[in-house]
Amino acid sequence: MRNRWMNNITALRLGIVLAIAALLVLTGCSDGDKKLDANTEPAVNNTAEPAATDPEPVDPPAVDPPQFIAPLTGLPQDHEAKLRPIAVMVNNFAAARPQSGLPNADMVWEVLAEGGITRLVAVFQSTESTSPIGPIRSNRPYLIRIGEAYHAVLAHAGASTDGYDLLQHHNKDYLDEITNAGAYFYRESFRKAPHNLYSNLEKLRAGAAKKNYKETVDIPTYPWSETGAADAGTSASEVELHFLLKDYVVSYTYDPAAKLYNRFVNGKPHTDLETKAQLTAANLVVLGAKHKTYDDYGRLEINLESGGPAKLFQLGKLIDCEWVRAGDGVIRLMKDGQELPFVPGRTFYHIVPMTPTFDSHVKLGTGA
């Protein structure tokens, strides 16, 4: 009996010892699990307040790349147009049309030369085109005056006696195919001389660099506006211009879809030789200036200093105004004491005589 009781006590003690050992083992495993999971995220109590956190960084709104504005067209560009202007004297004789390169000019001036024929001064600044330009002809004092208002390098083939005097004795920067820069011009075989002389901006800029002419200059700036000054204008969707000869008529028709004027000569589209595209302009300017013939050859003096009447055509409207030679040497259009803005795009200027009257050289139509 005693032995049976003692055995029960021993068994009980053994059971207690085993239970305590098992408890110690479980406790140790639990602590080990806690150590192994020390780097893991604790369970989140969904009912508790969320911990305060810094706000997520927000990317700034996308910004368009800055736009540069070409100074002589007002058109946006992806880089700054800072090269020096080149003013090319372009032949406008019938045998020289269609010319090359005029669609790339920022501004084009049409002015009378000898015998009632007009000459074009094409001013290139914002373009980097290497297309041909021409045919190129000779220079005159008033053509020099137009080019130098832009501080341009002048490109031409020959000049009048007075023109050479200005060029050679008054520190003008010029490239003349005859006297100082023949290597930067070339002649084409599909036209007869003198209507076959050409160059391009790459050649002309190389010639200017060879002569150490400045690559950059102060370029005139103009006021630009998408609506221009048309709010103050009257309807004029068709324009006809007479310079001197009855058999030479320049006309323009306004295209409201493109917001451009299409140019015609004697009723036919005036086109570019390379692209076959018709010449267009966003702005048309007609200036009245005194003309005087001073020799038997018919060479002219044209007063581009004293100012006078002017007409500005844009967006199918005509604005009567006046032109002045401003202090910076640039011809500007004024009305009621304020300079008129141009519509962004290319501008064609036309200088007509004051006789018999300024208005007699301009005929208007509304397209109706």
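1. Start with S199, which sits in the loop between β9 (197–198) and α4 (201–210). This is a predicted model, and the points below should be read as comments on that prediction. S199 has a relative accessibility of 0% and therefore counts as buried, since the cut-off for that word is under 20%. A loop residue can be easy to pass over when reading a structure, so this one is worth finding on the screen before going on to the strands.

2. What does the side chain of S199 have beside it? A polar atom of that side chain lies 2.6 Å from the backbone oxygen of Y184. Y184 also appears among the residues in contact with S199 once neighbours within four places in sequence are left aside. The full list is S131, P132, I133, I136, Y184, F185, Y186 and L204. When checking the buried state of S199, display these residues together with the loop between β9 and α4.

3. Next, look at strand β11, residues 238–242. Its covered face consists of V239 and L241. The uncovered face carries E238, E240 and H242. Colour the two sets separately to see the division along the strand.

4. Which strands does β11 pair with? One is β12 (residues 249–255), which runs antiparallel to β11 and is joined to it by five bridges. The two strands make a hairpin, with six residues between them. Within this pairing, L241 of the covered face stands opposite V250 in β12. Another partner is β24, paired with β11 in the antiparallel sense over four bridges. Here E238, from the uncovered face, is opposite G365 in β24.

5. Two cis peptide bonds should be checked. Most peptide bonds are trans. The bond from R97 to P98 is cis, with omega near -5°, and P98 lies in the loop between β3 (86–91) and β4 (107–112). The bond from T355 to P356 is also cis, with omega near -10°. P356 is in the loop between β23 (347–352) and β24 (362–365). β24 is the strand already met in point 4 as a partner of β11.

6. Two residues deserve a look for their phi angles. Most residues other than glycine have a negative phi. H151 is not a glycine, yet its phi is positive, at about 55°. H151 is placed in the loop between α2 (141–148) and β6 (153–156). D336 likewise has a positive phi of about 55° without being a glycine, and belongs to the loop between β21 (331–335) and β22 (338–339).

7. Are H151 and D336 buried or exposed? H151 is partly exposed, with a relative accessible area of 34%. D336 is exposed, at 74%. The term "exposed" is used for values over 50%, which is why D336 qualifies and H151 does not.

8. The largest nonpolar core has 85 residues. Which of them touch the most other members? They are W109, Y150, L287 and L333. For L333, the contacts beyond four places in sequence are V285, L287, A310, L312, C321, E322, W323, Q338, E339, L340 and F342. L287 is thus on both lists, and F342 returns in the next point.

9. A search of the whole structure finds nine aromatic pairs. One of them is Y222 with F342, a tilted pair at 5.7 Å centre to centre and 45° between the planes. Y222 is in the loop between α4 and β10 (234–235) and F342 in the loop between β22 and β23, so this pair ties together parts that are 120 residues apart in sequence. Y222, at 8% relative accessibility, counts as buried, and so does F342, at 4%.

10. F342 also pairs with W224, again tilted, at 5.8 Å centre to centre and 50° between the planes. Because W224 lies in the loop between α4 and β10 and F342 in the one between β22 and β23, the pair ties together parts 118 residues apart in sequence. W224 is partly exposed, with a relative accessible area of 23%.

11. W109, Y222, W224, F342 and Y349 form one aromatic cluster. W109 was named above for its contacts in the core. Finally, the charged end of R332 sits over the ring of Y222, 5.1 Å from its centre.

Methods:
Residues are numbered from 1 along each chain as its sequence is written. This is a predicted model: local features need pLDDT of at least 70, side-chain atom pairs count only at pLDDT 80 or more; totals for chains, interfaces and linings use all residues. Side-chain values use heavy atoms; hydrogens and water are left out. Buried means under 20% relative accessible area, exposed over 50%, partly exposed in between (1.4 Å probe, protein chains only). Two strands pair if DSSP finds at least two bridges between them. A polar contact is a pair of N or O atoms within 3.5 Å; within protein, one must be able to donate a hydrogen and the other to accept it, and residues adjacent in sequence count only if both atoms are side-chain atoms. Contact means heavy atoms within 4.5 Å. A nonpolar core is a set of buried Ala, Val, Leu, Ile, Met, Phe, Trp, Tyr and Cys residues joined through side-chain atoms within 4.5 Å. Rings of Phe, Tyr and Trp (its six-membered ring) pair if their centres lie within 6.5 Å; planes under 30 degrees apart count as stacked, over 60 as edge-to-face and the rest as tilted. A charge sits over a ring if NZ of Lys or CZ of Arg is within 6 Å of the ring centre and within 35 degrees of the ring normal.
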